[in-house]
Amino acid sequence: MNVTELAQILEMFYNEGLKRKESNAFIQMFGIKYAKEISNNKINIKDIVKKSSLRESYSREVYKGTKLAKYVNLKEEMLF
């Protein structure tokens, strides 16, 4: 998966979060779900956010999610 694909997925997570009024949580869930993908491919989180339509400040939320990934599992039914 490349930066552009991850940016598109991040936007989907963000938009779903907006609908549920939980955008930061959904951005963190993106980080949790794709932490290994980001790490294994040595992709810079800021590059993902820059390629998306999100403000650059959201890279912090993605980063938080990648750090949480080693401690939590997502409930698939929570995702769209």
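The legends below describe three close-up views of a predicted model.

**View 1. The largest nonpolar core and its contributing helices.** This core holds 19 residues, of which Leu10, Phe30, Ile38, Ile48 and Val62 touch the most other members. Two or more residues of the core come from each of α1 (3-20), α2 (23-33) and α4 (45-51), and α1 gives the most, with six residues. Once residues up to four places away in sequence are set aside, Phe30 touches Leu6, Ile9, Leu10, Phe13, Ile38, Ile48 and Val62.

**View 2. The aromatic pair of Phe13 and Phe30.** The whole structure contains four aromatic pairs, one of which is formed by Phe13 and Phe30, whose ring centres are 5.8 Å apart and whose planes stand at 75°, so that the pair is edge-to-face. Because Phe13 lies in helix α1 and Phe30 in helix α2, the pair ties together parts that are 17 residues apart in sequence. Phe13 and Phe30 are both buried, and ring pairs link these two residues with Tyr34 into a cluster.

**View 3. The largest pocket and its lining.** The space in this pocket amounts to about 180 Å³, and the residues that line the pocket are Ile32, Lys33, Ala35, Lys36, Ile38, Ser39, Ile45, Tyr63, Thr66, Ala69 and Lys70. At least two lining residues are supplied by each of α2, α3 (35-40) and α5 (59-68), with the largest share, four residues, coming from α3. By residue class, the lining comprises six nonpolar, two polar and three charged residues. Ile38, which is part of this lining, is also among the residues that touch the most other members of the largest nonpolar core.

Definitions and conventions. Residues numbered from 1 in each chain as written. Predicted model: local features only at pLDDT ≥ 70, side-chain atom pairs only at ≥ 80, totals over all residues. Heavy atoms only, no water. Core = buried A, V, L, I, M, F, W, Y, C linked by side-chain atoms within 4.5 Å. Buried < 20%, exposed > 50% of the residue type's maximum accessible area, 1.4 Å probe, protein only. Contact = heavy atoms within 4.5 Å. 1 Å grid on protein atoms, 1.4 Å probe; cavity = no way out; pocket = protein on both sides within 12 Å on 5 of 7 lines; lining within 4 Å. Points joined across faces, edges and corners; volume = space filled by probe spheres on them. Nonpolar A, V, L, I, M, F, W, Y, C, P; charged D, E, K, R; others polar. Phe/Tyr/Trp six-rings, centres within 6.5 Å; stacked < 30°, edge-to-face > 60°.
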